[in-house]
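Please look over the model below before reading my notes. I have kept them short.

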There are 2 protein chains.
Amino acid sequence: MNPIPEISEAEHQVMKIVWKDHPIPGMEIISELMKRTDWKPSTIKTFITRLMKKGALGYEKSGRGYSYFPLIEETDFVKNESRLFLKRIFGGSLKPMLATMVENEDISLEDVEELKRRILEKKKGE
Amino acid sequence: MNPIPEISEAEHQVMKIVWKDHPIPGMEIISELMKRTDWKPSTIKTFITRLMKKGALGYEKSGRGYSYFPLIEETDFVKNESRLFLKRIFGGSLKPMLATMVENEDISLEDVEELKRRILEKKKGE
DNA sequence: ATAAATGGTTTACACGTGTAGACATAAAGA
DNA sequence: TCTTTATGTCTACACGTGTAAACCATTTAT
């Protein structure tokens, strides 16, 4: 996986649309985002341009304009952000992070059982 | 807990020093941070000032200058950042987040057992 | 009392980000 | 073909952040 570029919050909104469905025409990105936000079309265009400059989006001709597609995988992005968060707030150690999350968010015993299964699965594969 | 102000990455470094030991003289914050970073004293002073403006640090006279202490709890900050992260990257749901973390970071079965104990403890207290 | 040192306050500047208008170009309709 | 319309590019600006020098006040040593 290529190094993930820095993606700002607003840009992330754009990426989420593109990850969901691509290649997607610029026009559709805009109308999709205008449902959820009160950004003007020019604002969204700026974000798309910036994402292309950052190497996060690629494009291809389609109809009157372009269609866009992701150049970075959502899973890679999520993995990267998670690592950064873990490092930034918990010095990189998972345990205190899990403790905090469990302390403050809703989680059931079944969820933990599932987690256990996952870990077993993973260890088996190694 | 009062609403947590936005604290930038560099400012967070300052907060970590102050959380560890307070009230702490400005001078000590500076020498402590100069060990870990290559920030100039003026840079660190800027961060301290901004944190005071944001209501994250308080101060009291001590010796020739001031000593500083946190106005927000580290646990509140961590809780807040965790929520924001969860919301931003995982739409607020804990389960996919845990799955990702477990998938990509090292975690042992014992850790999960401990997690289970914690949850039981918490549920008991409710 | 003056000078030096120590630490706090003001000012500065570049870069990313949120925000968006103005401008250009190409396609489509009259 | 000429005008309208849709879509992409350029320019703009304020605010936060990283970065730091310059300046000022207060204490301490000479």
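The points below cover the pairing of the chains, then the DNA strands.

1. Status. This is a predicted model. Please read every value here as computed from that prediction.

2. Symmetry. Chain A superposes on chain B after a rotation of 180 degrees, with 0.0 Å of shift along the axis. The RMSD of that superposition is 0.1 Å. The two copies are therefore related as by a two-fold rotation axis. Both copies use the same surface: 100% of the contact residues of chain A recur in chain B.

3. The chain contact. How many residues does each chain bring to the contact? Chain A gives 25 residues, and chain B gives 25 residues. On the side of chain A that touches chain B, H4, helix H5 (94–104) and helix H6 (109–125) each supply at least two residues. H5(A) gives the most to that side, with 9 residues. By class, this side of chain A has 13 nonpolar, 3 polar and 9 charged residues.

4. The H4 pair. Helix H4 (residues 74–90) of chain A packs with helix H4 (residues 74–90) of chain B at an angle of about 175 degrees. Their axes are 11 Å apart. Angles over 145 degrees count as roughly antiparallel, so H4(A) is roughly antiparallel to H4(B). Which residues meet here? From H4(A) come A:Val78, A:Glu81, A:Ser82, A:Phe85 and A:Ile89. They meet B:Val78, B:Glu81, B:Ser82, B:Phe85 and B:Ile89 in H4(B). The residues of this helix contact divide into 6 nonpolar, 2 polar and 2 charged.

5. DNA strand C. There are 21 residues around DNA strand C. A:Ser8, A:Ala10, A:Ser42, B:Gly26 and B:Gly65 come nearest. Chain A gives two or more residues to this surface from each of helix H1 (9–20) and H3. Chain B does so from helix H2 (26–36), H3 and strand E3 (65–70). The classes are 5 nonpolar, 9 polar and 7 charged residues.

6. DNA strand D. Which residues are closest to DNA strand D? Of the 21 that surround DNA strand D, the closest are A:Gly26, A:Gly65, B:Ser8, B:Ala10 and B:Ser42. Here helix H2 (26–36), helix H3 (41–53) and strand E3 (65–70) of chain A each give two or more residues. From chain B, helix H1 (9–20) and helix H3 (41–53) do so. The surface near DNA strand D has 5 nonpolar, 9 polar and 7 charged residues.

Note on methods:
Residues are numbered from 1 along each chain as its sequence is written. Chains are lettered from A and ligands numbered from 1 in the order in which they are written. This is a predicted model: local features need pLDDT of at least 70, side-chain atom pairs count only at pLDDT 80 or more; totals for chains, interfaces and linings use all residues. Axes are lines fitted to C-alpha atoms, for helices over the stretch in contact, and angles run from 0 to 180 degrees between N-to-C directions. Helices (H or I, at least four residues) and strands (E, at least two) are DSSP runs, numbered from the N terminus. Angles under 35 degrees count as roughly parallel, over 145 as roughly antiparallel, 65 to 115 as roughly perpendicular and the rest as oblique. Two residues are in contact if their C-beta atoms, placed from the backbone, lie within 7 Å. Ala, Val, Leu, Ile, Met, Phe, Trp, Tyr, Cys and Pro count as nonpolar, Asp, Glu, Lys and Arg as charged, and the others, Gly among them, as polar. A residue is near a molecule or strand if its C-beta atom, placed from the backbone, lies within 6 Å of it. Copies are superposed by least squares on the C-alpha atoms of residues with pLDDT of at least 70 in both.
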